[in-house]
Amino acid sequence: MSGVDSVINSVESPPAKKRKITSESAPKSSVSEAANMNEMQEIDEGLYSRQLYVLGHEAMRKMASTKVLISGLGGLGVEVAKNVILGGVKSVTLHDMVKCNKADLSSQFYLSEDDIGVNRAEACYRKLADLNSYVRCKVYTGKLSAETIRQYGVVVLTNSSLEEQLFLSRITHDEGIALICADTRGLFGQIFCDFGEKFTVMDTNGESPLSAMIAGVTKDVEGIVTCLDESRHGLEDGDFVTFSEVVGMEELNGCEPKKIKVLGPYTFSIGDTTTYSDYIRGGIVTQVKMPKILNFVPLVESIQKPEFLITDFAKFDRTPQLHLAFQVLHEFIKKNDQKVPAAWNKKDAEKFLSIAKYVNKLESDGSKKIVDEIDETILEKFSYLAAGNFAPMNAFIGGIVAQEVMKACSGKFHPIYQWLYFDAIECIPKNGVSEMDAKPIDSRYDGQIAIFGNEFQKKIGSLKYFIVGAGAIGCELLKNFAMMGVGAIDGNVYITDMDLIEKSNLNRQFLFRPQDVQCPKSTTAARAICRMNPYMRVVAHENRVGPETEKVYDDDFFENLDGVANALDNINARIYMDRRCVYYAKPLLESGTLGTKGNTQVIIPFLTESYSSSQDPPEKSIPICTLKNFPNAIEHTLQWARDMFEGIFKQAAESAAQYIEDTNFVERTVRLPGSQSLDVLEAVKIALVDERPQSFKDCVVWARNHFEEQFHNQIIQLLFNFPPEQLTSSGQLFWSGPKRCPKPIKFDPNEPLHLDYIVAAANLKAEVYGISQNHDPFYCKQFLSNVQIPVFVPKSGVRIAVNDSQLQMANGDGAVGSGASAAGAGGIDNENVSKILQTLPSRDKLHNFKLKPLEFEKDDDTNMHMDFIVAASNLRATNYGIPNADRHKSKLIAGKIIPAIATTTSVVAGLVGLELIKLVQGHRDLEMYKNGFVNLALPFFGFSEPIKAPTQKYYDIEWTLWDRFEVEGELTLKQFLEYFEKKHELKITMLSQGVSMLYSFFMPKAKLEERLDLPLSEVVRKVSKKKLEPHVKALVFEICCNDKDDNDIEVPYVKYKLPK
């Protein structure tokens, strides 16, 4: 089974997500049309949304006005071109004078066997142009001249000669054109950047400016700013800051950026403040991003006096050796009829070393040698591998280069200054490769065979791998696997993803096109890579991984695999797959990205810790009282708006729908603890009685009243409880520090934000109740003049919790306007429950009535979900004097969007490919493997050995998370207990399966006797009240044990194999 046909009929379960109809328009299909419109139109936020959160609008506008030339359309060049085109520059000219040969197919994913003999740029032009219709692509096949170069803002040379680089670099440096030279040879990579003199970096790291609330500012020669002790300021020496909302020392408000000196986690100095007014209270300090000027040295000088960016500090001394090796390679090619050293050829390696000694000799002008002492082992390996062409290496270097192009266009992020070298020689087989095994065999994999040999290629072709997720990383992994030939002989690549393609995916999930929107990701991606490599054997599923699909991904499935590569976007799925890989003892390649940051982790059975062994700390949650009554940041108001959306348009509607459809709903609800039953039934009453609209006009009236309640009445009540001048028991102003004193909003139908809220709220209400909608503001506005709004009078006796501890004591009585309830002490308010039930209409009267709970969807701009969130949040922010957020920022925060860009994905997938090679070679030395950490913005690259699996011990037996007891069933519970006492000298004190306790030493005697003689599988069925599914071949038991001295000891879990 190979090729596209293997994909079509291989879906083993129906799609988990339904297709949806969207009115969102895709970009125009005509490349020239879109390119001509490029400068006249705004950035397509539907397409670029995730990338915009990385780069920002200003950087992307600069990119959209920059012309880029990419020379050399081999494996590296196509990676750069792909990422740059996806990024959205104005135009890309594809330059090449080389015709395609079979070895190009090792990593040039847009070439096929039909293109052999055709100019590489011409052959891949159309496929590259189809990546982004907003970017004009064209082909140039002539020689690069000064006149040609001058029309571009950025020039990228890949795998070009040193003579060409030096010739063109003189032109680009003098003309202020950014130049990037890049090269990959086998397992070695090189990048050089020259962005000219006085290149301005507007933002060196891409991080959001830090801000903190001020507790005090001293009046001194070195004025000291003290921040509130709620959180550290996070600033560094040399940062610049400005101030706002300071009372008293108002000279600081809006001041020119001040350079600071950090004195501690909560303090820093800002210079002379002696002439300023006395500080009274309040204020916010905000970091200011200052431009940084870089002066790049031209290539001819930099090659003699290089400045390196280190990519792996464990190889610190290797960088100069690689700088020499690439220069030697240019000289070797010049002296060897334009040919690189033959793969694993000892004579060529000797010649290479001889040239190295010549190149490294002391120059007549007295300049320093490139290296003090040549590392012949490194240079010999370089010579052996120089003929190689490896897709993961091209993906890694190509992703970095593309990010440098974006930096050159926009001034966003710090560029490489000026040389970067990278190698992955840990991937070389332990005993090397024979020259015969590395010879070309007229195969599409010849570039890879030149590195690892044909015998190893057969191993790659026999692999059975499971890629989980077909999003951005999944697409890149599939592409690399296709170029490497993973599973292409007699193996398989399984891919699953339950999602459908969205427009916003097209910017980085490069296997998809506009016509694929709303098609399944997995099958679409599988078809795409089978076009790249027709020999690929791919099985595509549309399943979510989890307990519900274990009948698909069962013992037989996992036991047949060689490994798993995760391409997931959530922690829970990652942890689940990690546990499955530990259970089946399969290697796992884990990776993830966040904007320009990326990481990779390799998990090796019986050697390393697992993914779940260490995790990031949970996100800091916003205190409930802050959300309800005391917000001080836009993040608080956005979360408040999101919670309100869920409460009104989803949860209340769901409860009401359950009341209508489920005959046991009331019985189940009244048994809920505390005040929950009253809250749920109150929500049902509001949805079905109090606030049930009959027409769209009713929805507008409801929205107007809701506006009054949220943004006027609740604020009036809050200020009644806590007047603006109220003091605390310590004499401090109550409304100070993080507590911002709010102001009520008087509704004005002519105020756009007010009307936005009414239109969005009314239409969402109408959608819930199946009433025809109308998005026209003027239509909605006509109903507002007749709405009667009662005058609000604040109530005495309303309790408002000031902090979460007070809220917990009141058992939920913390919302503005809520009074003490009978359930406040934890009991059920039966009287009020009965009253509500009497007011609810009977189900018979609601037989044909349907409610539609709304699922929040951030990416559909026609559904008014984000319209409501933005309006509600900004009104709330206006109440509290918090600067409003635009739709773009609001969508990021409220939608919990993960910023993403194609460059990082490419880099991360390349690193995963390198680790895959080591796994296939079966290395057991941890030093050979690398966990990777990158931040392309800085840029930073860090690698570390994977952490060894921690060991534990019982008696003299050491064990890790990979070990377990394996017991052949069927045994009775009694036999099972005796087995462990006799065979392992362990006395089981507790035995559980999942959440079911099967046995414990304190179990009642009658219950114990009832279970002792039952087969264990029967005990499981009886206790869990669930039948065992046919696909289940083993049960996992957790056991607590005592040793023979009656001490508690930690032991592995038990895999209890059921009889066939």
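This passage describes two β-sheets, the helices that lie across one of them, and one helix–helix packing in a predicted model.

Strands of a sheet pair through backbone hydrogen bonds, in either a parallel or an antiparallel sense. In one open sheet, 8 strands are arranged in the order β20-β19-β18-β21-β22-β23-β24-β25, and the pairing is mixed. The edges of this sheet are formed by β20 (538–541) and β25 (940–944), each of which pairs on one side only. On average, neighbouring strands of the sheet are turned by 10° against each other, direction ignored. Within the sheet, strand β22 (residues 588–594) pairs with strand β23 (residues 597–603) in the antiparallel sense, over 7 bridges. In this pairing, Glu590 has Gln601 of β23 as its bridge partner.

Two helices lie across strands of this sheet. Helix α18 (residues 521–532) lies across β19 (492–496) and β20, and runs at about 165° to β20. Helix α32 (residues 902–921) lies across β18 (464–468), β22, β23, β24 (931–935) and β25; the angle of α32 to β22 is about 165°.

A further open sheet comprises 7 strands in the order β11-β10-β14-β8-β9-β13-β12, with antiparallel pairing. Its edge strands are β11 (258–259) and β12 (261–264), each pairing on one side only. Strand β12 runs antiparallel to strand β13 (residues 267–269), to which 3 bridges join it. Here Val262 has Phe268 in β13 as its bridge partner.

The packing of two helices is described by the angle between their axes and the distance between the axes. For helix α11 (residues 346–359) and helix α12 (residues 376–385), the angle is about 125° and the axes are 9 Å apart. The arrangement of α11 relative to α12 is therefore oblique. The crossing in which α11 passes α12 is right-handed. On the α11 side, the contact involves Lys346, Asp348, Ala349, Phe352, Leu353, Ala356 and Lys357, which meet Glu376, Leu379, Glu380, Phe382, Ser383 and Tyr384 in α12. By residue class, the contact of α11 with α12 consists of 7 nonpolar, 1 polar and 5 charged residues.

Terms used:
Residues are numbered from 1 along each chain as its sequence is written. This is a predicted model: local features need pLDDT of at least 70, side-chain atom pairs count only at pLDDT 80 or more; totals for chains, interfaces and linings use all residues. Side-chain values use heavy atoms; hydrogens and water are left out. Axes are lines fitted to C-alpha atoms, for helices over the stretch in contact, and angles run from 0 to 180 degrees between N-to-C directions. Helices (H or I, at least four residues) and strands (E, at least two) are DSSP runs, numbered from the N terminus. Angles under 35 degrees count as roughly parallel, over 145 as roughly antiparallel, 65 to 115 as roughly perpendicular and the rest as oblique. A crossing is left-handed if the near helix is turned anticlockwise from the far one by less than a right angle, and right-handed if clockwise. Contact means heavy atoms within 4.5 Å. Ala, Val, Leu, Ile, Met, Phe, Trp, Tyr, Cys and Pro count as nonpolar, Asp, Glu, Lys and Arg as charged, and the others, Gly among them, as polar. Two strands pair if DSSP finds at least two bridges between them.
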